[in-house]
Amino acid sequence: MSGETILIVDDEPAFARVAGAFLTREGYHLVTAKDAASARETFAQARPDLVLLDLVMPPERTPEAGLSLLPEFSSAVTVVLTAHSEHELALRAVALGAWDFLAKPVEPELLRFCVERALAKAALEREIARLRSEKASSDDGLIGNGPSMAHVKDMIRRIGPAEVPVMVLGPTGSGKELVAHALHRVSARRGPFVSVHCGAIPAELIESELFGHLKGAFTGAHADRPGLVATARGGTLFLDEIGETPLPCQVKLLRFLQEGTYTPVGGRDARRADARIISATHRDLEAMIASGAFREDLYYRLRGVVIRTPALDERREDLGLLAAHFLGQAAKKRKLRFSQEALAWLVAQSWPGNVRELKATIECAAALADPQSSTISAEDLTFARGGGVLPSAEAVAETLPEAQEKLERRMIGAALAATEHNHSATARRLGVSRVGLLKMMARLGLR
């Protein structure tokens, strides 16, 4: 008597009644639907553990009706039941997410065996999700043991396996995308994590990026192209800086969130998609709503649950752990450590750019550090953060080639940190060719 919920989708009343009575006696909770529309509604309300899905349903009376539901039922284990047992149809059903395929009529013992195995699989996936959630720590980039981060990690463990939308709020550089990644990892969703920065796409292209377009929809549309909503099917779509979304696109996004449907640019027929939405912003959306720059109805659709990422200055107890982690990442080929003065300098600073600024500063300091030393000094960190050159007495003690090499290391390291290690952008910033930059980096041991 396990009590799991099973949804039977079948337009044959006799089969639904007999199979339902049999499974009810086995201790399961049964809900039924007779067509695709009622199946969607019942699935959303009951959130079943298992779906027994007949492929041929009204009004089309073709297998396509049932096949179209499979991607939408990805959060449950689905077993296809049909009188059409063609090999090709079975392969299509499995490719779209079906776990098993049984031809009707089904013997009761075979049905019981299949249901038990399917529910055991569902229970195993939930346990895996639970274990993943418990391991959401530094592997996800969520480093810190202080009260603020402990609260964030607890929220991720509790919310990750759920299907509710999540809004991540916090200042720039505080790790909002890392939180979104962690939520996806601990969820039961098997699809991809797809991220889009809403402010990085021109207003005239964002609708096509999200929802795709059809061939001929506009100049240059030489072929059908799926959007990010379709790409994230069965997974998570992360809308970073949602406050930058243009108002016309907000309307389309609201429809997708309300109905689970979207229409590609140039298309007429609505399509369905199954993507969990996680949004993030550093902006004050309530103030934007008051000024008319953001839709209030979209705001409440997006903010199912809110997770707030703290500023680095609010979690200074984690600063040492973060600094050590970033230094280990930046100096994989060298054993570098911070001097006591450097650690004191890090703690004494204010970090308006938050974790992102701290990471960039440490990466730059590691690239600039004297190759003959194993220590990052406070002076290295000061220069890496743009605080000026080192004391002139040090330069006097150096030969001209040594001073030139140190200057090259510092300038290249600072440019790499500023461009997030994009070699082409770094070369443009320094006024050299990309090949020349790579040669200098190899000579200086920066590669």
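Asp10, Glu12, Asp54 and Lys104 are linked in a network of salt bridges. The model is a predicted one. Within this network, the side chains of aspartate 10 and lysine 104 meet at 2.7 Å, N to O. Aspartate 10 sits in the loop between strand E1 (5–9) and helix H1 (13–25). Lysine 104 sits in the loop between strand E5 (100–103) and helix H5 (108–134). The two are 94 residues apart, so the bridge links distant parts of the chain. Both aspartate 10 and lysine 104 are buried. Lysine 104 has another partner: its charged end sits over the ring of phenylalanine 15, 4.7 Å from the ring centre.

Salt bridges occur elsewhere too. Side chains of opposite charge can pair when their charged atoms come close. The whole structure holds 21 salt bridges. One of them joins glutamate 259 and arginine 255, with the closest N and O atoms 3.6 Å apart. Both residues belong to helix H10 (residues 247–259). They are four residues apart there, which means a separation of about one helical turn. Glutamate 259 has a relative accessibility of 43% and counts as partly exposed. Arginine 255 is also partly exposed, at 34%.

Next comes arginine 385. Its side chain meets that of glutamate 357 in a salt bridge of 2.9 Å, N to O. Arginine 385 lies in the loop between helix H16 (378–384) and helix H17 (392–396), while glutamate 357 lies in helix H15, so the bridge ties together parts that are 28 residues apart in sequence. Arginine 385 is partly exposed, with a relative accessible area of 26%. Arginine 385 also lies over the face of tryptophan 351, at 4.1 Å from the ring centre.

Threonine 361 touches both members of that arginine–tryptophan pair. Leaving aside neighbours within four places in sequence, threonine 361 is in contact with Trp351, Leu381, Ala384 and Arg385. Threonine 361 lies in helix H15 (residues 354–368). At 5% relative accessibility, this threonine counts as buried, because the cut-off is under 20%.

Now the aromatic side chains. There are five aromatic pairs. In one of them, the ring centres of phenylalanine 43 and phenylalanine 73 lie 4.4 Å apart and the planes meet at 20 degrees, so the pair is stacked. Phenylalanine 43 is in helix H2 (residues 36–46), and phenylalanine 73 is in the loop between helix H3 (63–67) and strand E4 (77–82). They are 30 residues apart. Both rings belong to buried residues: phenylalanine 43 has a relative accessible area of 6%, and phenylalanine 73 has 1%.

Phenylalanine 193 and phenylalanine 238 form another stacked pair, 6.0 Å centre to centre with 25 degrees between the planes. Phenylalanine 193 lies in strand E7 (residues 193–197) and phenylalanine 238 in strand E8 (residues 235–240), so this pair ties together parts 45 residues apart in sequence. Phenylalanine 193 counts as buried at 19%. Phenylalanine 238 is buried at 0%.

Alanine 93, in helix H4 (residues 87–95), is buried with a relative accessible area of 0%. Beyond residues up to four places away in sequence, alanine 93 touches Leu67, Leu70, Val80, Ala98 and Phe101. Its C-alpha atom is 9.9 Å from that of glutamate 64, 29 residues away along the chain.

What of the cysteines? Cysteine 114 is buried at 3% relative accessible area, and cysteine 364 is buried at 1%. A disulfide is a covalent bond between the sulfur atoms of two cysteines. The whole structure has zero disulfides.

Note on methods
Residues are numbered from 1 along each chain as its sequence is written. This is a predicted model: local features need pLDDT of at least 70, side-chain atom pairs count only at pLDDT 80 or more; totals for chains, interfaces and linings use all residues. Side-chain values use heavy atoms; hydrogens and water are left out. Rings of Phe, Tyr and Trp (its six-membered ring) pair if their centres lie within 6.5 Å; planes under 30 degrees apart count as stacked, over 60 as edge-to-face and the rest as tilted. Buried means under 20% relative accessible area, exposed over 50%, partly exposed in between (1.4 Å probe, protein chains only). A charge sits over a ring if NZ of Lys or CZ of Arg is within 6 Å of the ring centre and within 35 degrees of the ring normal. A disulfide is a pair of cysteine sulfur atoms within 2.5 Å. Contact means heavy atoms within 4.5 Å. A salt bridge is a side-chain nitrogen of Lys or Arg within 4 Å of a carboxyl oxygen of Asp or Glu.
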